[in-house]
Structures are given as structure tokens and as C-alpha cells.
Amino acid sequence: MQNYDFVHSCIRVMDLEKSIDFYQNALNLKESRRKDFPEAEFTLVYLTDQNESFELELTYNYDREEPYTIGNGYSHIAVVVDDLEKSYQRHKEAGYQVGDLKSLSEGSSGYYFITDPDGYRTEVIAR
């Protein structure tokens, strides 16, 4: 059997620059590459973490007027962080849409959700 490695996940965004700003500032992702397809009227921007093993692909379709329907099948992507409390406070102070700090059970890792400008949720988990 062959091995398969995850390379990216794609989400469609309404405001490309606003979404890039969110992922760069809220989750410290960096733009790794960009592909513009003016003839097909869309742009792809790939963001990655410091490990550069997985990318988040932002798809921006020109002239989209209606927000995308995220649907009830999408749940979230997840990241881990060394200092959950510090991350949580930074996100709250920055004015991002942030859920409550939670854990699944006593003694388990804590987490919270942060929501991007298009309504996509990211789970932030204590490492």
C-alpha cells in the first residue's frame, strides 16, 4: 500500500486580503505561494505554518457577491499551541470571534474555537 501525506485543505473566501490578514495575525500562518487565474476569475493563496508540511488554500472567486454556505458537514480545522491561555487572551484582545475555553474531561487538554471572517472555525488546542 502506498503512503499518502496530507498537503492542503481548501476554503472559499469572500475577501481575500481580510482572510489572509486573519490567518497571518491570528494563527501566525505565512503565505507560501499564490496562483492567479484571471481568465478563470479566481486566485489561490496557500498559507502554511512553521513546519511547512501542510497548507491552507484560500480560494477567492472574483466578483462573488453572496457569502458561501459552509454547510452542516464542515466542522473545523485544528492547530496546537504551547501556551493556550496566552493565545486565548491575545485572540480575545484582538477582537476576534472566540469561543469559551473548554476541555473534554478533567485533566484533558484544553481548547477553544476561533472563527475567521467567513465563518470557518479553527480549534486551538493546548499542545
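These legends accompany several close-up views of a predicted model.

**Figure 1. The overall fold combines two helices and nine strands.**
Welcome to the whole chain before we zoom in. Followed along the sequence, the elements come in the order β-α-β-β-β-β-α-β-β-β-β. A box of roughly 55 × 45 × 30 Å, taken along the principal axes, holds the C-alpha atoms. Of the 127 residues, 31% count as buried. Among the contacts with a separation of 6 or more, 49% are between residues 24 or more positions apart.

**Figure 2. Glu 55 is a buried residue in strand β4.**
This strand covers residues 55-61. Glu 55 counts as buried because its relative accessible area is 13%, where the limit is under 20%. Two polar contacts of its side chain can be picked out here. One goes to the side chain of Ser 32, at 2.6 Å, and another to the side chain of Arg 33, at 2.8 Å. Leaving aside residues up to four places away in sequence, Glu 55 touches Val 7, His 8, Ser 9, Ser 32, Arg 33, Tyr 46, Leu 47 and Thr 48.

**Figure 3. Arg 33 and Glu 55 form a salt bridge between strands β2 and β4.**
Here we stay with Glu 55 and look at its charged partner. The N to O distance in this salt bridge is 2.8 Å. Arg 33 belongs to strand β2 (residues 30-37) and Glu 55 to strand β4, so the pair ties together parts that are 22 residues apart in sequence. How accessible is each partner, Arg 33 and Glu 55? Arg 33 is partly exposed, with a relative accessible area of 33%, whereas Glu 55 counts as buried at 13%.

**Figure 4. Asp 82 and Arg 127 meet in a salt bridge.**
The N to O distance for this pair is 2.6 Å. The two residues link distant parts of the chain, 45 residues apart. Asp 82 sits in the loop between β5 (77-81) and α2 (84-93), while Arg 127 is in the segment after β9 (121-126). Both ends of the bridge are exposed: Asp 82 has a relative accessible area of 65%, and Arg 127 comes to 60%.

**Figure 5. Salt bridges that share partners join Glu 17, Glu 31 and Arg 34 into one network.**
Within this group, Glu 31 forms a salt bridge with Arg 34, and their closest N and O atoms are 2.9 Å apart. Glu 31 is partly exposed at 32% relative accessible area. Arg 34 is also partly exposed, at 40% relative accessibility. For the model as a whole, the count comes to five salt bridges.

**Figure 6. The largest pocket has a volume of about 630 Å³.**
Let us turn from side-chain pairs to an open space in the model. The pocket is lined by 25 residues, and those closest to its centre are Leu 27, Leu 29, Asp 49, Val 79 and Val 80. Which elements each supply at least two residues of the lining? They are α1 (16-27), β3 (42-48), β4, β5 and α2. Strand β5 gives the most, with five residues. By residue type, the lining divides into 12 nonpolar, seven polar and six charged.

**Figure 7. Glu 41 and Glu 52 have positive phi values although neither is a glycine.**
This last view visits two loops. Glu 41 is placed in the loop between β2 and β3, and its phi is about 60°. Glu 41 counts as partly exposed, with 43% relative accessibility. Where is Glu 52 placed? Glu 52 is found in the loop between β3 and β4, with a phi near 55°.

Note on methods: Residues are numbered from 1 along each chain as its sequence is written. This is a predicted model: local features need pLDDT of at least 70, side-chain atom pairs count only at pLDDT 80 or more; totals for chains, interfaces and linings use all residues. Side-chain values use heavy atoms; hydrogens and water are left out. Helices (H or I, at least four residues) and strands (E, at least two) are DSSP runs, numbered from the N terminus. Buried means under 20% relative accessible area, exposed over 50%, partly exposed in between (1.4 Å probe, protein chains only). A polar contact is a pair of N or O atoms within 3.5 Å; within protein, one must be able to donate a hydrogen and the other to accept it, and residues adjacent in sequence count only if both atoms are side-chain atoms. Contact means heavy atoms within 4.5 Å. A salt bridge is a side-chain nitrogen of Lys or Arg within 4 Å of a carboxyl oxygen of Asp or Glu. On a 1 Å grid over the protein atoms alone, a cavity is a set of points where a 1.4 Å probe fits but cannot get out, and a pocket is an open set with protein on both sides within 12 Å along at least five of seven lines; lining residues have an atom within 4 Å of a point. Grid points are joined across faces, edges and corners, and a volume is the space filled by probe spheres set on the points. Ala, Val, Leu, Ile, Met, Phe, Trp, Tyr, Cys and Pro count as nonpolar, Asp, Glu, Lys and Arg as charged, and the others, Gly among them, as polar.
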